[in-house]
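Trainee: I would like to go through this model term by term, asking for the reasoning behind each label. Could we look at it together?

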Amino acid sequence: HNLVGLISDNNETAYVKEIRNLENWCQRNNLLLNVSKTKELIVDFSTKQERNYQTPVINECPVERVDSFKYLGVHITQDLSWSCHINTVVKKARQRLYHLRRLRDFQLPSKVLRNFYSCTIESILAGNILTWFGNSTMQDRRALQRVVRSAERTIRSELPDLHSIYSRRCWTKARKMVKDLSHPNNRLFSLLRSGKRFRSLKTNTERLRRSFFPQAIRSLNHTTT
């Protein structure tokens with residue numbers, strides 16, 4: 001489960017209230033929050049002054065505050081950069097390259113090697129790619145692509161690059177949003193007269209400044225038993 005609260009004007013009352021509501025709901029439904037596995041992550045891009053946030057308490061136990069945590073397979077950090085997640089993905093994918101080389105040594109057909117790559121390596125590299133690839137740095141993208149190039153040398157065949165996979169999945173996702181009038185993001189997309197391209201969204205924000213965050217966002221990631 002994930003609880004997200006917004007802190008405005010350094011007022012944490014609403015966030016603390018949501019935690020109390022969650023705690024009471026679990027008690028009414030005979031559920032016990034596992035505080036030892038509950039983590040708090042604070043996303044704060046305010047540069048004016050450092051803030052001291054109070055530590056949330058659940059069942060009279062303080063919640064551990066972390067710089068990053070893994071949620072639905074994605075490593076989220078407090079600065080919302082994706083280097084931590086990409087480094088983990090690259091390391092995991094490189095471990096699978098050993099098995100790919102072993103299969104090549106057994107002189108298996110190229111088609112079998114490609115299927116193995118798609119199932120065990122590409123699936124790792126492209127996991128939740130819509131979430132993080134668009135805001136990844138060029139250095140991180142080069143690290144990802146080096147894994148793909150290494151697999152290409154092993155298989156001796158050209159493989160789809162991650163940018164193409166990302167673009168294709170973005171297009172598919174956008175088309176589904178356009179067709180689904182009940183989708184909350186349906187209004188963000190409008191096709192041009194050609195019917196082949198979407199109208200670009202106007203924005204004045206910069207990725208590094210991330211000025212679209214009003215104040216601070218606190219996220220509570222917890223488990224129940």
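Trainee: Why is Cys-170 called partly exposed?

Mentor: Cys-170 has a relative accessible area of 28%, and since buried means under 20% and exposed means over 50%, with partly exposed in between (1.4 Å probe, protein chains only), the value for Cys-170 belongs to the partly exposed class. Bear in mind that this is a predicted model, in which local features need pLDDT of at least 70 and side-chain atom pairs count only at pLDDT 80 or more, while totals for chains, interfaces and linings use all residues. Residues are numbered from 1 along each chain as its sequence is written, and side-chain values use heavy atoms, with hydrogens and water left out.

Trainee: Where is Cys-170 found, and what separates its C-alpha atom from that of Ile-129?

Mentor: Cys-170 sits in helix α6, residues 162–179, where a helix is a DSSP run of H or I of at least four residues, a strand is a run of E of at least two, and both are numbered from the N terminus. Its C-alpha atom is 9.3 Å from that of Ile-129, although the two residues are 41 residues apart along the chain.

Trainee: How many helices and strands does the protein chain have, and what pattern do they follow along the sequence?

Mentor: There are six helices and eight strands, and reading along the sequence gives β-α-β-β-β-β-β-β-α-α-α-α-α-β. Of the 225 residues, 32% count as buried.

Trainee: What makes α2 and α5 roughly parallel?

Mentor: Helix α2 (residues 83–105) and helix α5 (residues 138–155) pack at an angle of about 5°, with their axes 10 Å apart. Angles run from 0 to 180 degrees between N-to-C directions, and the axes are lines fitted to C-alpha atoms over the stretch in contact. Under 35 degrees counts as roughly parallel, over 145 as roughly antiparallel, 65 to 115 as roughly perpendicular and the rest as oblique, and α2 and α5 are therefore roughly parallel to each other. Their contact, meaning heavy atoms within 4.5 Å, includes Val-90, Leu-97 and Arg-101 of α2 and Leu-144, Val-147 and Ala-151 of α5. The residues of this contact divide into 11 nonpolar, four polar and five charged; here Ala, Val, Leu, Ile, Met, Phe, Trp, Tyr, Cys and Pro count as nonpolar, Asp, Glu, Lys and Arg as charged, and the others, Gly among them, as polar.

Trainee: What, then, is the angle between α2 and α3?

Mentor: Helix α3 (residues 110–125) packs with α2 at an angle of about 170°, with the axes 9 Å apart, and that value makes α2 roughly antiparallel to α3. Among the residues making the contact are Leu-100 and Leu-103 of α2 and Phe-116 and Ile-124 of α3, and the residues of the contact divide into 10 nonpolar, two polar and three charged.

Trainee: How do you know that strands β6 and β7 pair?

Mentor: Two strands pair if DSSP finds at least two bridges between them, and β6 (residues 68–71) and β7 (residues 74–77) have four bridges, in the antiparallel sense. Across the pairing, Tyr-71 stands opposite Val-74, and Phe-69 stands opposite Ile-76.

Trainee: What is notable about the phi of Leu-72, and is Leu-72 buried or exposed?

Mentor: Most residues other than glycine have a negative phi, whereas Leu-72 has a positive phi of about 55° although it is not a glycine. The hairpin of β6 and β7 has two residues between the strands, and Leu-72 lies in that loop. Its relative accessible area of 68% makes Leu-72 exposed.

Trainee: Why does Arg-156 count as exposed, and what makes Glu-158 exposed?

Mentor: Arg-156 reaches 67% relative accessibility and so counts as exposed, and Glu-158, with a relative accessible area of 69%, is exposed as well. Arg-156 lies in the loop between α5 and α6, where Glu-158 also lies, and the phi of Arg-156 is positive, near 65°. Leaving aside its neighbours within four places in sequence, Glu-158 is in contact with Arg-114 and Glu-152.
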